[in-house]
Each structure stands twice: as structure tokens, then as C-alpha cells.
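Reader: I am in my first year, and I would like a close look at a single part of this model, namely how strands are put together in one sheet. Please go slowly, and afterwards set that part beside the rest of the protein.

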Amino acid sequence: MSSPLRARLSNEIDPYSAAHVYYDQNSHKPNHFRTRTFSTNQAPTFDKTGLKAPIRRSSHDETTMFGRTYLVDVEQTIKNLSAQEDTDGNFQITIEDNGPKVISLPTAGSNGFNKKEIRGNYMLSNLYQELFLARKHGQTHIFLDHNRLNENPVSRLSRLIKHDFWRNLTRVIDGSVIEIAGRDPKDWTDDPRPRIYVPRGAPEQYEYYKQVAKDRPEIRLDVCWLPEVITPEHVRDLNDKPGLLAVAMEETTDVFGKKTLKGVPFVVPGGRFNELYGWDSYMESLGLIASDKPELAKAMVTNFVFCIQHYGKILNATRSYYLCRSQPPFLTDMALRVHEKIKHQPDAKQFLKTAILAAIKEYHTVWMAAPRLDKVTGLSRYRPQGLGVPPETESTHFTHILEPYAKKHGLTFNEFVKAYNSGEVKEPELDEYFLHDRAVRESGHDTSYRLEKVAANLATIDLNTLLYKYEKDIAHTIHYYFNNKLPVPDEFLVDNMKPGHVESSSIWDRRAKLRKIAIDKYLWNEKKGMYFDYDTVKKQQCTYESCTTFWALWSGVASPAQAARLVAVGLPMFEVAGGLVSGTEKSRGVIGLDRPNRQWDYPYGWAPQQMLAWTGLVRYGYSEDAERLAYKWLAMMTKAFVDYNGVVVEKYDVTRTVDPHRVDAEYGNQGLDFQGVATEGFGWVNASYVYGLQHIDAFCTRALGTLSTWEQVSKQRATIFE
């Protein structure tokens, strides 16, 4: 009797290949099968009596180049595993399930006659994940390599990020996928439908999408023009018809030889965040470069340039309700890092030039203009324009804020929201509340008690260190790449420039020096050895101890003496089991029913905080500290990945050592909601893993695979080097 499937030869497919390759239809297609064993003709042997010994029939059962291979019935094995091992019924096999943690699988070399045991939570959860991946790719029976189940967790997670997660998080916006890309999980209207808003400066896109709508009436695509001048009033009025914003496209030729447009790709954060986001994209670009995908990072810069050209800013995200709101600016560093990887390409210099010109325009028109610039200090604030209630939140998010006002006016909740948004009802206190709420969201740190009800008034250390980096990067780029002369084309001119304007490095160096003076005066606290935010209305330094103090190291604005003080004082204050915590418990204050926790406060840690701190510490020569912090973060991620069915989430409770992915704060935790297998992770957390591996040595990488704690690694190192 023979198998209905031909057992793969070991050299046919890499057992560590990406899921879409490993489970390709052709990889598991029935073909010329062989029998379960085959005999070999051995040379005759003779015993001591001189009699010929019998020839033993040998079996090619388990030995291949890569190790054992199993012959698996996908659906039946999922059913067996679920019944036996997923004891809490959440379609994940974790250390909290109390099954026997063992299952037997038929081997491919024996055509299913022999079985071998798979033991332990990690291998069983990997098996579960692989079966769900096989099902997703349409497979009913598969050959599954043992090495794929027993892969070093560091290698497995890195491989998934580089070859699966990035692929699954990559999007384009064009006619081929507009009905999917246009779908908004945050759409609150009665008739959700794909809708795209096109800026007046891209008429070719408007015509393109109108043709798509004509050719595909079944998707009900609504193609809309944006006005030449986008005002807060207009953005508010779009809230009844929310839609996707057009991003960059490039000309191509279709299969019929006709010229058309196709979308320039980008990476999304994941979960319910399914569009191009601001500072998420910078962090993702670090991971893409570490994953040897600079072209995708380059495409994201191209999309950001398009946003600055047509929407005036790098947006919080590319939906109509974000048109007034930006996010932390990272474009110059992003462009320079990409350029370093693509500098051999013929268009590399033009790419860098366009990105820097866009950054200059954004710098002047967004961050150094009203209402964000505080003229007294010369520092900038997160202070976006906007009217009414931010519509992208969950329906009940502002209920506790708005209900008292509805009662005050004798209106139902919905009636009050409509009247307030339209301006029929005036409430200055509520206007002030939402001014700060929008500023919190523009800061990217939504939400935190550090910023609550005060964000729009703060010259934060994070924003001003980023702008210092802009100033230094622009000066450096103009000087070293453009011979100290950068002509500004008409489309990038701002109010204080005339046609033919040329930028030089000296003015940008001067701006950086002035900003450092202001940062030292208003944000540096010599006594405490840290940077703090500054309230431009109360005219006093804030006291909230935030991990963003380390952004001064990333940008290079700290002097060597300030850096030394910051490392000596700040690291003990923020360093915990899983890396750096967002803020101190003391600054957060007591929490309870009337004062719930905020996700950017203690005890939570976020990937961008870690990544910027590592980079900054290395910049000032504190490489050992960077390695320790990176290891702690990576170890926390790896252990959660191993123990909890491959989970990779948006944020972690960095004070927990067992289940740090469990976060008890508003908005939940993106990346948790999956059955069987996580296929995306989360954008900037994926990036932090592959980027973090560049900050630890080979010894630490090996230790990471064994789930050793940093304390164990330190002891092992001390023993080795005694």
C-alpha cells in the first residue's frame, strides 16, 4: 500500500521558507509517490564460521538532509490538537492550557505507518500554527518538517517577521484592492462603503479612480475631490462621509500595453490600523532595513513626500478625519537611512533631495508656524487644529465627558454631539478639552496622564529633540550631498521664500544651535539630571518623569555631560524586567475606578521608546547599556512568543515576567485577536525585534534562544571571562 501523497525529497523546499512558499499548492501536490520503504542491495557478509549472513532489508524512513518529515492530515490534526491541548478553547495552545502536551504524528518516510511524538508547549503550538497556515493556503494534507516545529525561537520569530509579517502588513492603494483598502473598521456611519478622497494636485488619480468606479460598479466606490484649501470646518463636515486619502502612485503599463497607475506600497501597523501611519512608519522602516527590504522603506518615504506635497503634512494616518493632524516627525532620519542602503542606485540622490525638500516644507509650515510654534520660547508643541469630537474613537470613548453637557442642555447624547459638532451649541470648556485630546493623539502618546488636559500647551522634549534632529540632518545633507546649495523648486516654496530660493547649511546649523539653547533653558533640569516638558501657558517646567527624556540622546542634542547624567539618573528610574517603562509609577499616580490606567504610562513599555533609547545610548558610547536594555526587551518578546502561541502585540507590560502581553488599559492590545496563528504581529514591535538583534552580540543571541534572563546571561559571561 502506498501513500496518496508523494513524500517530498529533502532538497525540494527549504523547511524554513515563508508560509506562502512552504505551503504553495505545488509543494504538496500528489505526484509519483513511492512506497514506504525500499531495500538496498548490500554486499554479502560472512560470520566466523564462514557462512553467508542474511542480507537485512533497510528502510529509508526518517533520514533526510533536514531531519524527520511528517505526513499530516490538516483538519483532523487541528481537531485532535484543539480537543486535547486547547483546554481553554481560545484556539491557541499556551502554557496556561493543561493538556498532556504530547501528540503523535505519522512520519512521511513510512507513508504514515510509523508515528513519532511531538512534545512540549512550544512544539505543539508551532504545530498548531503551521496547520492553520496550511489551511489558509488551501492544503488538506501536508509534509511537515520536524525542524520547522523545533526551530530556535529567535530564528523562527525573525524569519516570520522578515518573510511573513512584513508581507502580510504591506498594502497598496489602487483599483485592484480599493474595496479592501477602503474598508475602515472605525467607520461609524450607517452606510459604510469604500470612499477615496483625491487632492486637487493629483488629477490623474481622480480620473483613474473614476474609471475604476465605472468599471466596477459592484464595489460602490465613491470618488471625491478635496478642496484646494483644507480647513478644520471642511474636515469636520467630511465626518459624515469618512474615507481613505489618496497616496502616491506610479505610472505602469497593463497587460494590454495601456498606460495606467498602480499604488506605491507601504506597511501598516496591523490590527484595526489598516492605513499609512505617521511615526509607526519610521519605526517600521528601521525593521525593514534590518530585514534587507530597503525598497519598501524607500516607497514609504515616497508616500510621505506625497502627503506633504498634497496635504501639507505627514498625517497621523491617511483617513479623511486625520487631515488636520500630524504625528512625531522622523522623515529626515528615515530618508538618510534609506539613502545609505540605496546610494548605488541612479535615482538615489534625487530621492534624498526630494525627501529633504519635503522635510523643509513640513518644518516651516507645520512645526514652526502657528498654532504649534510658541514664539516666547522658540519651541514647538503638538497643537493640531480641529473641531468637534474626534470621530475615529470607539463609540463610548467620550461618553463620560459628554453626558454631563447633554444633560445640561436637555438633549439626548446623540443630539448633543450633533449640535456641538455643528457649532449650534457652544461649550468653551469642551473645546479646550478636545484641543488637548487632539494634541495627545498628534503626539502619538495617546493616552497618558503626562499629557491629559494639557498636551497642546506643552513644549515636549520628544517633539523638540526631533526638530533638532531635522535641523542637524538638513544642514548635514545640504553640506555633504549638495555642495552647500540646495535650490528649492516652486512646489516646495513656503511663505518666506521667493522663486529661485537656495538653501544653505549655515542657517540650519544656526537653527539647531538656537533650539539647543532653548532646550537647555526650558527642558533640561540640571538638579534632576533629566529633560522634562515645559508648559508654555503656565510658564513652568513639568514634573512628569517620562521615558521620552532619552530621545535627547537619539537626536544628539545632549552634551556629553548631560548624557552621562541622564544615563546615571534615568536608567535606574525607567529600567525594569522587560526594558524601559514609559513613565515612572510615581509620576503616573494612584489608579482606580475613577482614575483608570493609561496605555502610555507605567507599567507599559512600547517599541519606539526602546528603539530610540538603544540608538541614543550607542551614539554616546553606552553600548553595554544599550545591549542590556535590548536583551531585556527581546527576551520578554521571545518568552511571550514561545509561551503564548507565537503572540506579538502592540505593547507590553514590561514589569511582568510571565504574561507581559496582557495589558489592562484602554484600547486593548492589537495583535491578540487571532485564531490558531498570528500572521502579522504588529508593525513597530516586529521592527524592534529585528532591529534589536543588531544591538546584541552572538553570545546574547544564543542565550536568547534558550529564554535565559539577563541576570543569567550576566552570570554566564562572568564565569566565562573569569
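Author: Before we look at the sheet, we need one rule, which is that two strands are said to pair if DSSP finds at least two bridges between them. Please also keep in mind that what you see is a predicted model.

The part I have chosen is an open sheet of three strands, whose order is β14-β19-β20 and whose pairing is antiparallel. At its edges lie β14, which covers 458–459, and β20, which covers 540–541, and each of these pairs on one side only. As general background, the strands of a sheet pair through backbone hydrogen bonds, and they may do so in a parallel or an antiparallel way.

Let us now follow one pairing in detail. Strand β19 takes in residues 534–535, and two bridges join it to β14, the two strands running antiparallel. Since the rule asks for at least two bridges, the two between β14 and β19 are enough, and therefore these strands count as a pair. To find a particular contact, begin at Leu 458 and look across to β19, where its bridge partner is Asp 535.

With the sheet in view, we can turn to the whole protein, which has 25 helices and 24 strands. Its C-alpha atoms fill a box of roughly 105 × 70 × 65 Å along the principal axes. A compact globule of 722 residues would have a radius of gyration near 27 Å, and because the protein has 29 Å, the value agrees with that expectation. The domain assignment gives domain 1 (15–26 + 67–151), domain 2 (398–455) and domain 3 (573–721), and the centres of domain 1 and domain 2 are separated by 50 Å.

Another feature worth finding is the largest pocket, with a volume of about 840 Å³. It is lined by 26 residues, of which Trp 188, Asp 240, Pro 391, Val 417 and Asn 421 are the closest to its centre. Two or more lining residues come from each of the helices α8 (232–237) and α14 (413–422), and α14 gives the most, with six residues. Sorted by class, the lining holds nine nonpolar, seven polar and ten charged residues.

Lastly, an unreviewed UniProt entry lists residues 78–107 as "domain: Neutral trehalase Ca2+ binding". In the model, this stretch is 23% helix and 17% strand, and the C-alpha atoms at its ends lie 17 Å apart.

Terms used
Residues numbered from 1 in each chain as written. Predicted model: local features only at pLDDT ≥ 70, side-chain atom pairs only at ≥ 80, totals over all residues. Heavy atoms only, no water. UniProt positions renumbered as here; feature names shortened; annotations may be inferred. Helix = DSSP H or I, 4+ residues; strand = E, 2+ residues; numbered from the N terminus. 1 Å grid on protein atoms, 1.4 Å probe; cavity = no way out; pocket = protein on both sides within 12 Å on 5 of 7 lines; lining within 4 Å. Points joined across faces, edges and corners; volume = space filled by probe spheres on them. Nonpolar A, V, L, I, M, F, W, Y, C, P; charged D, E, K, R; others polar. Domains from an automatic or database assignment. Rg over C-alpha atoms; globule rule 2.2 N^0.38 Å.
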